[in-house]
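Please walk me through this structure. Take the buried residues, the helix packing and the aromatic rings in turn.

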Amino acid sequence: MDDRSWMYRDSPQGLSMMDYCNGVQGFINFATSISRNFTDGGIRCPCRKCKNKKILHPDVVKMHLITKGFMEDYLCWYAHEELFVPNESMVERVVGQLLVLATCMKL
């Protein structure tokens, strides 16, 4: 998963509107590239209002995202068939927890 800091306009990075719009277009391109995402000519809208519950035409989804922003914590686009790929520190924490659990189970 690439850097998704552009998704949240009110981030401390202070991204420009052009960067945000380019990111939204990248999301639309990704979502429409997978045929399973389409239902009746639309895709799930991950804006703050729709929260992936409504299926809308990609152009409408784009406008929703530009005007309303993405729903909270949607860095992994799971409702659009993206697989979760954890970062290295997350893998280390999970592996560490599994090792502790395995050790406890042996006792």
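Asn52 sits in the loop between β1 and β2. The model is a predicted one. Is Asn52 buried or exposed? Its relative accessible area is 8%, under the 20% cut-off, so Asn52 is buried. Leaving out residues up to four places away in sequence, Asn52 touches Arg44, Cys45, Pro46, Met71, Tyr74, Tyr78, Ala79 and His80.

Follow that list to His80. His80 is placed in the loop between α2 and α3, the latter spanning residues 88-106. Its relative accessibility is 0%, so His80 counts as buried. Again leaving out residues up to four places away in sequence, His80 touches Phe27, Phe30, Ala31, Ile34, Asn37, Arg44, Pro46, Asn52 and Tyr74. Arg44, Pro46 and Tyr74 are thus among the residues that touch Asn52 and among those that touch His80.

Now turn to helix α2, residues 58-68. Which residues of α2 are buried? They are Pro58, Val61, His64, Leu65 and Ile66. In an α-helix there are 3.6 residues a turn, so residues three or four places apart point the same way. The buried residues of α2 pack against three elements: α1 (17-32), β1 (43-44) and β2 (55-56). Just after α2 comes Gly69, with a positive phi of about 85°.

Next, the packing of α1 with α2. Two packed helices are described by the angle between their axes and by the distance between the axes. Here the axes of α1 and α2 come within 10 Å and cross at roughly 145°. The crossing is right-handed. On the α1 side the contact is made by Met17, Tyr20, Cys21, Val24, Gln25, Phe27, Ile28 and Thr32. On the α2 side it is made by Pro58, Val61, Lys62, Leu65 and Ile66. By type, the residues of this contact are ten nonpolar, two polar and one charged.

Lys62 belongs to helix α2. Its relative accessibility is 26%, so Lys62 counts as partly exposed. Setting aside neighbours within four places in sequence, Lys62 is in contact with Val24, Gln25 and Ile28. Pro46 is 16 residues from Lys62 along the chain, and their C-alpha atoms are separated by 9.8 Å.

The aromatic rings come last. A pair of aromatic rings is described by the distance of the centres and the angle of the planes. How many aromatic pairs are there? The count comes to eight. In one of them, the ring centres of Trp6 and Phe70 are 5.7 Å apart and the planes stand at 80°, so the pair is edge-to-face. Trp6 lies in the segment before α1 and Phe70 in the loop between α2 and α3, so the pair ties together parts that are 64 residues apart in sequence. Trp6 has 13% relative accessibility and counts as buried. Phe70 is buried too, with a relative accessible area of 0%. Tyr74 and Tyr78 have ring centres 5.0 Å apart and planes at 80°, so that pair is also edge-to-face. Tyr74 counts as buried, at 0% relative accessibility.

Trp6 and Phe70 also belong to one aromatic cluster, together with Tyr20, Phe27, Phe30 and Trp77. Two of its members return from earlier: Tyr20 and Phe27 take part in the contact of α1 with α2. Phe27 and Phe30 touch His80. What lies over the face of Trp77? Arg4 does, at 3.5 Å from the ring centre.

Technical notes
Residues numbered from 1 in each chain as written. Predicted model: local features only at pLDDT ≥ 70, side-chain atom pairs only at ≥ 80, totals over all residues. Heavy atoms only, no water. Buried < 20%, exposed > 50% of the residue type's maximum accessible area, 1.4 Å probe, protein only. Helix = DSSP H or I, 4+ residues; strand = E, 2+ residues; numbered from the N terminus. Contact = heavy atoms within 4.5 Å. Axes fitted to C-alpha atoms, helices over the stretch in contact; angles between N-to-C directions. Left-handed = near helix turned anticlockwise from the far one by under 90°. Nonpolar A, V, L, I, M, F, W, Y, C, P; charged D, E, K, R; others polar. Phe/Tyr/Trp six-rings, centres within 6.5 Å; stacked < 30°, edge-to-face > 60°. Lys NZ or Arg CZ within 6 Å of the ring centre and 35° of its normal.
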